[in-house]
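Please open the model in your viewer and keep the selection panel at hand. We will go from stop to stop, and each one tells you what to select and what you will find there.

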Amino acid sequence: MNKTSKMDDPAVTMARLQALDRRYHLHPFTDPQALVQAPPFLMETAEGCYVSGQGIRLLDAMAGLGCVNIGYGRKEMVETAASAMEQLSYYHSFAAVTNPAAAALAGKLVSLMPEGLNRVFFANSGSEANETLIKLALMYWRRKGKPKKRVFITRDYSYHGSTIATSLLGGNDEMIADYGLDAHGEVARVVAPFWYRDGGDMDAETFGLHAARAIEQKIVELGADKVAAVIAEPIQGTLGAVMPPDSYWPEVERICRRHNVLLIADEVVTGLGRTGAWFAQQTYGFKADMMALAKGLSSGYFPISAAVISDEIADVVTAESAIMNHGFTTSAHPVGCAVALKNLDILERENLVDRVANDIGPYFATRLVELEKHPLVGEVRVRGLIAGIELTRNKQTREQYPVNFNLGGHVGHAAMIRGVIARPAGNAIVLCPPFIIKRGEVDYMVASMMDALNDTLALMKQQGIWP
Ligand SMILES: Cc1ncc(COP(=O)(O)O)c(C=O)c1O
């Protein structure tokens, strides 16, 4: 075999790329041991609900990281990006400059927003959108003459991003301890509305109120004059698709209003259709003062996010002649804005949010709930097209396996072998497929999850871990 043909050999190319990646690429949220034991998986192409690499095709029941809502590989998204790049490959939005796509996207988003949320700041990631909201909340209270309002209340199991401030707001202690971060008393964490794990003997709705009132107790304990905002995901996706009882959100809103504390909805996962409404605030019946959007804004076709605030807050933070000292080189990127606009156009034209609410979402729920019959499954929670499969040691007592047992990881791995990407989250598995998923694909997903649970249970029996 001559040199050229060897270079052209796909297996050789793959091995070379994997070697380069292993040597030089630092991966986010990756166990380094995984890369010692095996080369990175090379994902190469994607279409619809499927991703492919190394000759393997998988049903992506995670829509990437919960972002590819319109599905992969849409030609009109590619054409939109190409023509936007041709027209204006880049320009910034500092110092009162804009571009046609940014202006149109801001207007379009506000037309979809819950009433009152009508000013948009563009960033590049969910972390940046939340970071922006944290800064704007601090600025708001300073300009309102209440500079002591600086504490942010957050909840167990939450995830708001990977920047320093958003790590401090998250429920993952390792993200704080690994870097020796310190919130200097400006973050206070309370119980999450996670009935299955923390509800004890209470029924779910009572526990929802109890969890909401933990926020009130914290505000009272700290003093409302010290609390800037409550920041919370309507559904806590990353750590198990934690879904609050219906009693929770309206009570949280009432508490925030009563104590003059801002309410920030982190809708990075739930925003733009995931729960079957444009925003999960509509699903759960509450209104926030600020909202973060990211993933579904471009369906992952371009890095773009939005920090959305009310007129009232915008008027305060822009009232004085002082410049808002905040922004990113690629804020309101013309290509990102054009891609996001096209994504919204597709969601509307194909009635995809309605499909999640009234067609595929209910089917997904009906089929998934069948998994509750499995001995390892304690609860299946579903809203729209996001689900958490809660794994348990004992259905009656709701006992958990120790987190280091990594039961979710084992089931996730077994699902992958069965051809489906599902996301392990401790003792739960998260599913949030693209909105275009077909009934037959849901059937395949459920059957594969059942097989994966059976495979895991068989292994546990073999190793004497079960019952
Ligand atoms: C609820 C929530 N907020 C914020 C983020 C951070 O978004 P990004 O990874 O785009 O910074 C995520 C990411 O998964 C998320 O799930």
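## A cavity shared by two domains

In this predicted model, the lining of the largest cavity takes at least three residues from domain 1 (43-70 + 354-462) and at least three from domain 2 (75-349). To bring it up, select Met62, Leu65, Gly66, Gly237, Thr238, Val269, Lys295, Ile386, Arg423, Val430 and Cys432, which line this cavity. Colour your selection by class and you will see six nonpolar, three polar and two charged residues. The space they enclose has a volume of about 100 Å³. How many cavities of 30 Å³ or more does the structure hold? There is one.

## Where the domains meet

Next, give the two domains separate colours: residues 43-70 together with 354-462 for domain 1, and residues 75-349 for domain 2, following the domain assignment of the chain. Each domain brings 32 residues to the contact. If you place a marker at the C-alpha centre of each domain, the two markers will lie 26 Å apart.

Now show the surface. About 2500 Å² is buried between domain 1 and domain 2, and 57% of that area is on carbon and sulfur atoms. Which residues of domain 1 lose the most area to domain 2? Select Ile70, Arg383 and Arg398: together they make up 33% of what the domain 1 side buries.

Stay with Arg383 and add Asp246 to the selection. These two residues form a salt bridge, with 2.9 Å between their closest N and O atoms. The count of salt bridges between domain 1 and domain 2 is two.

## A link across the sequence

Zoom out for a moment: a search of the whole structure finds 28 salt bridges. For one of them, select Asp311 and Arg119, whose side chains meet with an N to O distance of 2.9 Å. Asp311 belongs to helix H15 and Arg119 to strand S4, so this pair ties together parts that are 192 residues apart in sequence.

## The second largest pocket

Helix H15 and strand S4 also lead to our last stop. Select helix H15 (311-317) and strand S4 (117-123), then add helix H6 (100-112) and strand S10 (305-310): each of these elements supplies at least two residues of the lining of the second largest pocket. This pocket holds about 790 Å³ of space.

Which of its 29 lining residues lie nearest the centre? Pick out Ser93, Val120, Phe121, Phe122 and Met324. Finish by colouring the whole lining by class, which gives 20 nonpolar, eight polar and one charged residues.

Definitions and conventions:
Residues are numbered from 1 along each chain as its sequence is written. This is a predicted model: local features need pLDDT of at least 70, side-chain atom pairs count only at pLDDT 80 or more; totals for chains, interfaces and linings use all residues. Side-chain values use heavy atoms; hydrogens and water are left out. On a 1 Å grid over the protein atoms alone, a cavity is a set of points where a 1.4 Å probe fits but cannot get out, and a pocket is an open set with protein on both sides within 12 Å along at least five of seven lines; lining residues have an atom within 4 Å of a point. Grid points are joined across faces, edges and corners, and a volume is the space filled by probe spheres set on the points. Helices (H or I, at least four residues) and strands (E, at least two) are DSSP runs, numbered from the N terminus. Ala, Val, Leu, Ile, Met, Phe, Trp, Tyr, Cys and Pro count as nonpolar, Asp, Glu, Lys and Arg as charged, and the others, Gly among them, as polar. Domain bounds come from an automatic or database domain assignment. Contact means heavy atoms within 4.5 Å. Buried area is the accessible area (1.4 Å probe) that two parts lose on being put together, summed over both. A salt bridge is a side-chain nitrogen of Lys or Arg within 4 Å of a carboxyl oxygen of Asp or Glu.
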